[in-house]
Every structure is written in structure tokens, then in C-alpha cells.
There are 2 protein chains.
Amino acid sequence: MTTPFACTIHATDGAARAGEISTPRGTIRTPAFMPVGTAATVKAMYPGQVRDLGADIVLGNTYHLMLRPGAERVAELGGLHKFMNWPHPILTDSGGFQVMSLAKLRKLDENGVTFQSHIDGSRHVLTPERSMEIQGLLGSDIQMQFDECVKLPCSDAEAERAMRLSLRWAERSRKAFGGEPGRAAFGIVQGGASPDLRVESAKALSDMDFHGYAVGGLAVGEPQEVMLAMLDIVAPLLPAGKPRYLMGVGSPDDLLKSVARGIDMFDCVMPTRAGRHGLAYTRHGRVNLRNAVHAGDPRPLDPDSACPAARDYSRAYLHHLVKSGEILGMMLLTWVNLAYYQELMAGARAAIAARRFGDYRAQTTAGWAGRG
Amino acid sequence: MTTPFACTIHATDGAARAGEISTPRGTIRTPAFMPVGTAATVKAMYPGQVRDLGADIVLGNTYHLMLRPGAERVAELGGLHKFMNWPHPILTDSGGFQVMSLAKLRKLDENGVTFQSHIDGSRHVLTPERSMEIQGLLGSDIQMQFDECVKLPCSDAEAERAMRLSLRWAERSRKAFGGEPGRAAFGIVQGGASPDLRVESAKALSDMDFHGYAVGGLAVGEPQEVMLAMLDIVAPLLPAGKPRYLMGVGSPDDLLKSVARGIDMFDCVMPTRAGRHGLAYTRHGRVNLRNAVHAGDPRPLDPDSACPAARDYSRAYLHHLVKSGEILGMMLLTWVNLAYYQELMAGARAAIAARRFGDYRAQTTAGWAGRG
């Protein structure tokens, strides 16, 4: 029998929750950070490494995969899990965010978005129905509704128009969702920086019987205070027994503050992208390995880390690799960063279970100010 | 007591030799292929992976390392082995080849070469004495004499001038060699495509009491027949009890044909560079993953390989990664290629020991013609 999709909250501490999401492909321990595997690869990492760090789920991007290699191609090859050699859960976004930020010559109407590929200029159409079809072809375990995500700041009128359109697209997405056993569809709360719009969106979506709910449009340029204010309003309105996913967020500090507000899932390119640009995230804070101060420093990033990349290579060597543009520099720093993000989430889960999440946040945050 | 540098030949089959070279940092099984770690990294590979493939030794480039991060810097940090997290033997070249192929505004005279860095235009001087000093600072286990390597084809007069200069530089290099316990210095036979010059060079160097001998100037544009003809002439003139190293060579076919002529050591950027450009070397021949024919091919490169990269990922996925410019594509194909080069050498060692190297060459070569 296929394991049904189910969310269990084992412990709470204030608004923070620790639990697990069951899927046919495995259990996702929450709060969870999902490494981003845009084009069917978590950049500069072997999939086995990602798993060994403790990641239970990765994210794939519908927009990138529909353009290359194509959803039908991935389906013919046995689905995205097999294609990218990742047999564990995968969440796919709907393509709505990237189509507005990456594609060329976009035309948006009630039906969906017509656009040109940023890769080869070819013409494509994404609608709620086609987005869900693509996510089904990929074999995604958690599929996101098609939505329109506006860039902040924007007028309330614009945020309202996009939120209402996203609600209509949510209904169409939910209806189009294939509903294969154990797979899930998530709705996405929109509404820009407007409390009223966020409330309206959260309430309307809650009535649509999605398997989980995301908060979208909060990694698009606004200050952290706006994001946290929106979470304070939205999270209590979402069904307590279903997963809550904050899309595209964020820094270690963003994560802890959002967990404190009841968020269960995150994805962000920050640890992987930063790793490719010479930035390391560790227990002691952020380290820019490009800086000349590291050129003669024999110390590793963190001698007590369980991650070999943080433990077994000097800052001087990492500096050298970064300055030389060596691939190994990107490999090691991506590894360091994903290891730290997973460690941060594992610590949060344990702290919530022990009802000492406040202490954990305070100690962790204090650690970032330590000498990096 | 420090293990002395020593070469033992355990078995021969025709001119082919199998044996081992003892060094304080470990034993090098021969014939050996040395992965190239130009800037203190075998590109796109973790050092532990390189070791796990069976590599006993890697090569570092004096030219690159003297410019960045600098030999004195590496020495302050505990030497090249510690710097790059590779505790096993390292051979360094002398810088002679790269200074002529990469540096700008070169001026060569009896003393050495004055040049500008290709990185930042800074001015540097390399002489036999400075090259050996740098290799000593790096802590190299096998240090190469400083030589002048001419590009083929060239006139016999030019080849003769460079060969004679290289002999004088060999004497100065041998004298300048630090001679730390267990470390070795190798001379380099030059002479272009001229049998007479090669004979003169080999004989003169044999009298200089180096710990091993390299054949240089044969990966610089000449046809394979010229290379093999030079090896036929040079190898029998070199001391039988010392290692023989063919510099900068080559393809799998080059390697087997050179082993058959008595060569013990090789280095080449081919497997690593090809891997970064979408080319795979396998038992079944060379595969260009860029080709569209692979886009829908669910087969791995070699289902029977011990290398996960060759066994666990479809050609369709590798094609996708290469076309998308993903770092993982370079990581996987570099891994495939270095694994195959090490497998090829391990097979050669076993075949020589069993006195069936001719059969091994024939079977291996026939395999390359199989459907890749």
C-alpha cells in the first residue's frame, strides 16, 4: 500500500513546530531546509552528499526543467527522481515565479503566461493546468499551485489583482492536480505587503483543501520586518495540521525567526549560490573567503564541524581556490553551507522537541557574532 | 628512519615493466598515471576521491603555484601536501614548459627565463636554482630539472640549442636540488624529433646521477609515430633500475603503447580537461556527451564500472548537465575519466605481472571500438 501524504506535529514550543511529513518516498523531518536543485542538480554537489548532510527533500524548478530537458523527456526517462539520482522526496515549484523573473517577452492574462525561453527564445505557455501536468510528469511529490508573484514594493492595487488571480489559479491548479497516491498539492498565500490581502488569501486557500500551504512573495526584495509581520498574520490562519512552507527564504537568521512563527519548510539558493561566490556560512557567522585576510590563515572554517569541507581545509587554501576560480572551491563551500543549513535545522528540531527553542535561537545567534 | 627513494621492477614483459617506487610519503605502483593538480587541486575532484580511484601520486605545477599562492606562502602553511589535503606523493614539474606556453613577454638566456605572469603581469625570473628552490619549498617528493621545451615541429638547430641548454640546466638543477631525505630529482631528455639529439641527451643525463628520468617535449604537437620512435630510441639508453616518466602524455592508446616501450609514469590533463568539456573515456571508447544522440538514452556510460559516476547516471542526464553547463557534469565526467585511466594502469600492471601485456593491449584496444 502506498504511504499516504501526512503531516504530524510531534512537538511545539510557542508557535514553533517540530514534526514530520510522510510521503511514499520517505519522511521529511520538519522544520526542513530543502536544497535547491534548479536544473535537476543541487549545483556542485553529488546527490549522495546532499542526502548524507541530512536533507530529506530537494526542490526542482518547473520553469527550468520544462525548457531543458523538457517534462515529457524526463517522464520518458522514468521521472525526475531517477533522472537526477535522488530517490527521496522532491518538491517542485509551479514555474510562476521564474517565468516572471527569467523569461523574455512575457504576456500574462487570465488563462496563464505566454513567454519566450531565456535559453533559446522558443515560445511556451504556462497555465495552472499545464504547470500541474508538468509537475505530474516530473513525478514530483509535492506540487505547487501556479501563481503570480509580484515584486515588492508594489501598489496594493497590483498586489490585490495578482492575489485574486492567484486564487482563481489555485482553484484551477487544485482541480488539475493528478492526485496520484501519496502526492501532495500546496496552495500559495499571496498579497504582497498588505495584511488585509494576506488574510483574504490565507482564508480562501484554507477552504480549498490543499495538502499544505506556502507563503509566497516574501523573498522578493522586502525588508525582513515586512516578511516577519506577514508571517505573524498568515501562519495562525493556516490549518494547524498541514505543512507550512515559506518560499525562497532565506538567511540563517530568516530561518530561525520564521521557525519561531510556525513555518515548517524552506528553500533558498542562498547557501548554494553563496558557496559558488566564495561565501561560507558557519556556526561562527558568515566568512568571505575572497578577502585577503585569509590568504595566510592555516585555520579551517570550523575544526569541530562534522563536515569535512569545513574541517579539513585551511582558509588559506579555500581563499586560494576561490581566487583561482577553481571548481573545488565552489564544491567545498557549497558543501560547507548546505551542511550548516542542515545542522541549523536539526538543531531547531531538537530544541523544539526539548521546548528550548528560544535558548537555541539566542545561543545560535550569539555564535554568529563570534570570530569567524 | 626516512624511507629512501627507491625503484623496484617486479616484473617485465618485453620492454614493459611493472614495479613500485618507494617514497617517504607512500609507494607508487608503476606503470602509474598521475592526475594533474595544476593549481593545488585536481580540478573538480575532492582529494579523497582521487586517492580512492587508486592514484598513488599527483602532479603540481611550479609555474602556477609560484604565481599563486606563491611558494613561500605554501611553505609557511606547511607545504603543498598539507595545503591541498593530499598526504601522498607529489611530483612537481620545473615550470619550464608552462613558462614558455603561458607566460607573457618572455626573455630566455643562459641564466634562465624572465617573464610576466599571465595572471597579473607581475615580473618573475625562473632559473634552474630558483625552480629547484621552489619545488623544495613546496615539499615535492619528485622534483624535475629546469629545462627548455621547444614546440614541434622545429629545426634540428633549434632542437639542438635547446637540448644543450637543458643539459647545462640539468647540471645546475642537480646541484641545486635540496636532497632532503627520500626526495628525488629527475632529469629530462630533450632533443625534439632528432634521434641523434635524443641519444646525446639521454646519455649525458644518465651520467648525472638523477633519481629518475623523464622524456620531455613529446606532447607538443608531433604525431604519435614520432613520439613512439623517440621512445624506442631513448628508453633503452636510460638506467634500467630507475623510473622513466613520459611527460604530458596522453590518450589511453598513447599510454599503452608507451608502457610497451618501457615507460613507468605518465601525467596528462586529458582526462580532467576532457571531463570538463563533455567527453568521457570508458572501456568502450570515447563518448562525446554533447551529442544530441544521448538526450534520450537511459543507459549509463558503463553499467559494470566500479565508478559510481559511470554506473549510476544515465547518458541522458549527463547530456543534460553538459548542455546546461552544470558543475556536476564536470564533476561526474572528470571522475569517470580519472577512474578509467587508473583502471587502465591497474590492468597494465596486472597484465605485465602475468606476462600477458600483449593480450591486454589487444583486448583493451578492441574494447574501444565497441559501441560506446
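In this predicted model, Gly96(A) is found in helix α5 of chain A, which spans residues 96-101. Is Gly96(A) buried or exposed? It counts as buried, because 28 C-beta neighbours lie inside 10 Å of Gly96(A) and 20 are enough for that label. Once neighbours within four places in sequence are left aside, the contacts of Gly96(A) are with Phe146(A), Asp147(A), Glu148(A) and Cys149(A). Ile352(A) makes a useful landmark further along the chain: 256 residues separate it from Gly96(A) in sequence, and the C-alpha atoms of the two are 33 Å apart.

Chain A also holds an open sheet of 8 strands, and a reader tracing it in the structure will meet them in the order β4-β14-β13-β12-β11-β10-β6-β5. The pairing is parallel. At the edges stand β4 (32-34) and β5 (58-60) of chain A; each has a single partner strand, so one side of each is left without a neighbour in the sheet. On average, neighbouring strands of this sheet are turned by 25 degrees against each other, with direction ignored.

Within the sheet, the pair formed by β10 and β11 of chain A is worth a look. Strand β10 covers residues 142-144 and strand β11 covers residues 184-189, and the two are joined in the parallel sense over 3 bridges. Here Ile142(A) stands opposite Ala184(A) of β11(A). Packed on the sheet is helix α8 of chain A (residues 195-206), which touches both β11 and β12 (212-215) of that chain. The direction of α8 makes about 160 degrees with that of β11(A).

Attention can now turn to the nonpolar core. The largest one has 247 residues, and the members that touch the most others in it are Phe186(A), Val336(A), Phe186(B) and Val336(B). What does Phe186(B) touch, not counting residues up to four places away in sequence? The list consists of Ile142(B), Met144(B), Gln145(B), Phe210(B), His211(B), Gly212(B), Tyr213(B), Ala214(B) and Tyr245(B).

Finally, there is the contact between the chains, to which chain A gives 30 residues and chain B gives 30 residues. On the side of chain B that touches chain A, two or more residues come from each of α3 (71-76), α13 (315-323) and α14 (327-353) of chain B. Which element gives the most to this side of chain B? That is α13(B), with 5 residues. By character, the residues on the side of chain B that touches chain A comprise 17 nonpolar, 6 polar and 7 charged.

Definitions and conventions:
Residues are numbered from 1 along each chain as its sequence is written. Chains are lettered from A and ligands numbered from 1 in the order in which they are written. This is a predicted model: local features need pLDDT of at least 70, side-chain atom pairs count only at pLDDT 80 or more; totals for chains, interfaces and linings use all residues. Two strands pair if DSSP finds at least two bridges between them. Helices (H or I, at least four residues) and strands (E, at least two) are DSSP runs, numbered from the N terminus. Axes are lines fitted to C-alpha atoms, for helices over the stretch in contact, and angles run from 0 to 180 degrees between N-to-C directions. Two residues are in contact if their C-beta atoms, placed from the backbone, lie within 7 Å. A residue is buried if 20 or more other C-beta atoms lie within 10 Å of its own, exposed if 12 or fewer, and partly exposed in between; C-beta atoms are placed from the backbone. A nonpolar core is a set of buried Ala, Val, Leu, Ile, Met, Phe, Trp, Tyr and Cys residues joined through C-beta atoms within 7 Å. Ala, Val, Leu, Ile, Met, Phe, Trp, Tyr, Cys and Pro count as nonpolar, Asp, Glu, Lys and Arg as charged, and the others, Gly among them, as polar.
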